[in-house]
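Please take a moment to look over the sequence and the structure shown here before reading on. The paragraphs that follow move through them step by step.

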Amino acid sequence: MSDELKNAHTYYQQLLYVIYHQDMGALNSLLDSASEMPEQIKKANRTLRKHQSEIINSFKTAFSNGPVEGTNNKIKTLKRICYEFKNMDHFYATILLIIK
């Protein structure tokens with residue numbers, strides 16, 4: 001295994017550990033240790049650093065916006081599927097099928 005691939009794999013495993021254990025100290029040290037990584041890992045590291053405060057907040061609370069995102073996805077799906085309906089009865093029937 002090349003050193004670059006080994007470093008990338010180690011970074012990935014450490015990131016999984018940080019998320020699973022919600023360890024803020026390990027997150028900080030991980031974000032500071034990406035100097036000898038491939039460019040793709042450096043880009044991911046910059047994104048994680050940019051959203052570090054949000055990631056730490058997700059460690060502190062169990063709240064999730066998943067249900068809201070699911071409802072939003074259903075609404076967007078309805079809009080896409082039902083865009084060309086001319087008969088409102090078909091539109092309502094489709095809504096009932098998707099909501100269930």
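Where is Gln22 found? Gln22 is found in the loop between H1 and H2, helices and strands being DSSP runs numbered from the N terminus (H or I of at least four residues for helices, E of at least two for strands). The model is a predicted one, in which local features need pLDDT of at least 70 and side-chain atom pairs count only at pLDDT 80 or more, while totals for chains, interfaces and linings use all residues. Residues are numbered from 1 along each chain as its sequence is written, and side-chain values use heavy atoms, with hydrogens and water left out.

Gln22 has a positive phi of about 50° although it is not a glycine. Most residues other than glycine have a negative phi. With a relative accessibility of 41%, Gln22 counts as partly exposed, in a scheme where buried means under 20% relative accessible area, exposed means over 50%, and partly exposed lies in between (1.4 Å probe, protein chains only).

On either side of this loop, helix H1 (residues 3–21) and helix H2 (residues 24–31) pack at an angle of about 155°, with their axes 9 Å apart; such axes are lines fitted to C-alpha atoms, for helices over the stretch in contact, and the angles run from 0 to 180 degrees between N-to-C directions. H1 and H2 are therefore roughly antiparallel to each other, since angles under 35 degrees count as roughly parallel, over 145 as roughly antiparallel, 65 to 115 as roughly perpendicular and the rest as oblique. Tyr11, Gln14, Leu15 and Val18 in H1 meet Ala26, Leu27, Leu30 and Leu31 in H2, where contact means heavy atoms within 4.5 Å. By class, this contact of H1 with H2 has 7 nonpolar, 1 polar and no charged residues, with Ala, Val, Leu, Ile, Met, Phe, Trp, Tyr, Cys and Pro counted as nonpolar, Asp, Glu, Lys and Arg as charged, and the others, Gly among them, as polar.

Further along the chain, the axes of helix H3 (residues 39–50) and helix H4 (residues 52–60) come within 4 Å and cross at roughly 65°, and H3 and H4 are therefore roughly perpendicular to each other. Leu48, Arg49 and Lys50 of H3 make the contact with Gln52, Glu54 and Ile55 of H4, and by class it has 2 nonpolar, 1 polar and 3 charged residues.

Three residues show how H3 and H4 are linked to other parts of the chain. Asn45, found in helix H3, counts as buried at 6% relative accessibility, and its side chain reaches the backbone oxygen of Leu31 at 3.0 Å. Not counting residues up to four places away in sequence, Asn45 touches Tyr11, Leu30, Leu31 and Ala34. Arg49 also lies in helix H3 but is partly exposed, with a relative accessible area of 39%; a polar contact of 3.4 Å joins the side chains of Arg49 and Asp32, a polar contact being a pair of N or O atoms within 3.5 Å, where within protein one must be able to donate a hydrogen and the other to accept it, and residues adjacent in sequence count only if both atoms are side-chain atoms. Gln52, in helix H4, counts as buried at 18% relative accessibility, and its side chain makes a polar contact with the side chain of Asn28 (2.4 Å).
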